Amino acid sequence: MLRMSRLTKTYRTDHVETRALYDFSLEVKAGEFVAVTGPSGSGKSTFLNIAGLLENFDSGSYELDGLDVSRLADDDRSLLRNAKIGFIFQSFNLLPDLSVYDNIDVPLRYRRMKVAERRERIDKVLELVGLAGRKRHIPAQLSGGQQQRAAIARALVGEPAFLLADEPTGNLDSTMAAEVLALLEEINAAGTTIVLVTHDPQLSRRATRNLHIVDGQIVSAGLPTTPSAPRADLA
Amino acid sequence: MFGYHLRLALESFKRTPGLTLLMLCAIAVGISTCIVTLTVYEGTSNDPIRWKSGQLYAVTIDSWDPNEAANPKRPNLAPTQLAYKDAKYLLSSVIPTRKAAMFRTQDVISGGGAADAQPVPIATRVTGADFFPMFDVPFLYGAPWPAQLDEGAEPVIVISRELNEKLFGGANSVGRTVRWNNRDFRINGVLNTWFPLPKFFDLNRGAFDALEDAYVPFGWAAALGRFPNGGRVACWRNDPIGSFQQFLQSDCVWLQMWVQLKDAASRQRMQAFLDAYWSDQHRSGRFGRPQNNRLTDVRQWLIDQEVVDNDNRMLVGVAFAFLAICLLNTVGMLLAKFLKSAPGAGIRRALGATRAQIFWHYLTEAALLAAGGAALGLLLAAFGLQGVHALYAWGSIGPGGYQELTHVRWGSVLWALTLALIAALGAGFYPAWRLARLPPATYLKSDQ
């Protein structure tokens with residue numbers, strides 16, 4: 001599904017050079033639920049941006065679903081992102097002036113899908129995330145948990161090969177976080193590959209595999225320390 | 001996608017009504033200023049008879065004071081008008097295909113309506129029958145009077161369409177009688193709508209003076225027995241003029257003269273005819289200034305008479321500079337608005353929008369704004385031109401004059417659309433391009 005090999009990414013300003021990823025190699029198989037942890041500034045977000053084709057890397061190779069994306073033009077990366085990847089952000093990143101329905105509609109619009117098919121897909125994901133009754137609401141009229149569920153619906157509506165989630169429960173209280181996490185597990189169980197970036201070790205225990213990044217490199221990889229054990233505070 | 005972008009643009013306007021109105025006004029004011037200025041400029045710089053302007057010549061002879069040019073600022077130019085005796089002689093030439101001397105008078109007319117109808121003040125052009133075919137004047141009813149009636153004081157008259165509307169309610173009035181300055185005149189023809197702009201054949205009252213309401217044969221120039229009262233009379237001698245006959249024989253200039261010459265050879269022969277006349281008169285003691293006999297075609301005539309002066313050109317420049325300032329302000333406001341929505345563009349990029357789609361999304365908004373600005377600008381321009389119209393619409397029954405400059409034409413509408421397009425590209429291109437080039441990842445962490 002996702003194979004990165006010896007990736008490096010360095011940010012440069014006039015006087016400062018910051019190495020974000022160095023000799024970074026990773027393989028994620030279809031259907032996995034991978035949690036990526038690490039302290040602030042460790043390179044988690046850079047990894048997520050590169051994995052989501054939002055940023056380029058300096059060297060190494062990256063294959064997404066068997067396709068080498070290293071030399072893809074910006075437009076091709078956009079099309080691939082639209083077709084294969086769903087994003088879930090900590091701050092939801094819903095478009096504040098659009099209704100829930102219209103927010104979910106955005107990726108399908110860029111796919112130039114017919115109205116009937118768009119409507120069918122949107123209604124289906126709204127049912128899945130439990131927001132069918134709120135589709136005409138704008139984000140400000142929803143709770144944090146509902147907003148994140150709307151964001152998940154938007155990520156899922158294009159039926160992506162994998163989901164990239166950046167601290168998806170970071171802005172939620174424990175009850176809502178538990179709901180969202182349960183939803184992600186449900187999605188993963190249905191076959192969608194999930195890569196979740198977090199610095200919350202408790203959350204990472206819910207994944208099927210953990211990766212720990214420090215200074216732009218994976219320093220440990222393996223099963224969660226307490227596999228599938230529900231967090232006490234989320235239970 | 002265009003429909004989607006259009007919907008997003010409209011929603012964006014709804015979110016920021018104040019800013020949108022401000023930008024609309026900036027574009028509209030700039031565009032309307034340009035349209036008003038260009039419409040007036042177009043009118044002033046127009047060749048009103050371009051299909052034959054190369055065959056029509058104003059005839060001038062420098063009959064002015066030997067010690068001072070008629071126009072001290074442009075001493076190379078002869079007076080724009082002729083004395084009666086010179087015009088009469090030049091009219092005897094058989095070289096031109098057509099020829100006409102002419103002047104404008106102020107008169108009264110009545111008839112056609114109720115018996116107690118009040119006389120109407122009108123302007124009349126006293127001229128030859130050739131005036132009409134030479135300047136391609138269209139007729140609604142009837143025709144010019146026969147050329148043989150030019151010499152005598154024949155009571156025939158051609159009236160404008162507007163005067164015909166006023167006196168006869170627009171009916172065919174050919175053969176009917178009107179009372180012109182206490183004399184009965186038979187109507188020989190009614191003109192159709194005609195407004196040559198500028199009024200090149202007589203610039204004495206300004207290039208955009210209203211057209212005359214009636215036309216009578218040139219013989220009336222002498223037969224009226226009164227000094228011309230509606231045009232410009234210029235005399236350089238201080239000799240007293242006691243009678244109208246003395247006036248006709250004086251060197252006072254008050255007649256415009258135009259000839260139609262079919263080719264270069266005719267022009268050469270006419271020039272020789274003029275020069276020969278000048279030499280005769282010079283030998284007899286007239287024409288003390290250096291020989292300066294001119295046959296000036298319409299285009300050169302408009303240039304010589306400074307119909308399009310530098311002020312007009314400068315005004316157009318100022319109007320465009322003003323539009324540029326308005327657009328720059330709009331660019332600034334759009335840039336601020338678009339950059340504020342950069343996180344939204346970042347999200348769309350993350351969700352699969354290409355740079356081109358982001359670019360067109362925001363350019364559609366800018367184009368819609370520009371189209372709205374153009375529409376509003378067109379409306380403002382119509383009001384502006386109406387203002388110019390109101391400023392100059394006095395005195396005349398007939399069409400023409402500055403009023404005609406103020407008609408919104410299809411050309412102006414086309415200008416508005418072109419300007420709107422430039423406005424859209426100018427005001428929206430850069431902000432939309434900037435937004436499309438922003439790296440999406442930068443904005444994904446920030447809250448909206």
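How many residues of chain B are in contact with chain A? In this predicted model, 20 residues of chain B are in contact with 22 residues of chain A. On the chain B side, the elements that give two or more residues are helix 1, helix 11, helix 12 (355–392) and helix 15 (441–444). Helix 11 of chain B provides the largest share, 5 residues. By class, the side of chain B that touches chain A has 8 nonpolar, 7 charged and 5 polar residues.

Two of these chain B elements also take part in covering a helix of chain A. Helix 3 of chain A spans residues 100–109 and is mostly covered. Of its 10 residues, 9 are buried. The buried set includes the charged residues D102(A), D105(A) and R109(A). V100(A), I104(A), V106(A), P107(A) and L108(A) are among the nonpolar members. N103(A) is buried as well. The cover comes from both chains. Within chain A it includes helix 2 (74–84), helix 4 (115–129) and helix 5 (144–156). From chain B it includes helix 1 (2–15) and helix 11 (342–350).

Chain A also contains an open sheet of 4 strands. The strand order is 2-1-4-5, with antiparallel pairing. Strands of a sheet pair through backbone hydrogen bonds. Strand 2 (17–28) and strand 5 (67–68) of chain A are the edge strands, and each pairs on one side only. Strand 5 of chain A is joined to strand 4 (residues 59–64) of chain A by 2 bridges. D68(A), in strand 5 of chain A, is the bridge partner of E63(A).

Notes
Residues are numbered from 1 along each chain as its sequence is written. Chains are lettered from A and ligands numbered from 1 in the order in which they are written. This is a predicted model: local features need pLDDT of at least 70, side-chain atom pairs count only at pLDDT 80 or more; totals for chains, interfaces and linings use all residues. A residue is buried if 20 or more other C-beta atoms lie within 10 Å of its own, exposed if 12 or fewer, and partly exposed in between; C-beta atoms are placed from the backbone. Two residues are in contact if their C-beta atoms, placed from the backbone, lie within 7 Å. Two strands pair if DSSP finds at least two bridges between them.
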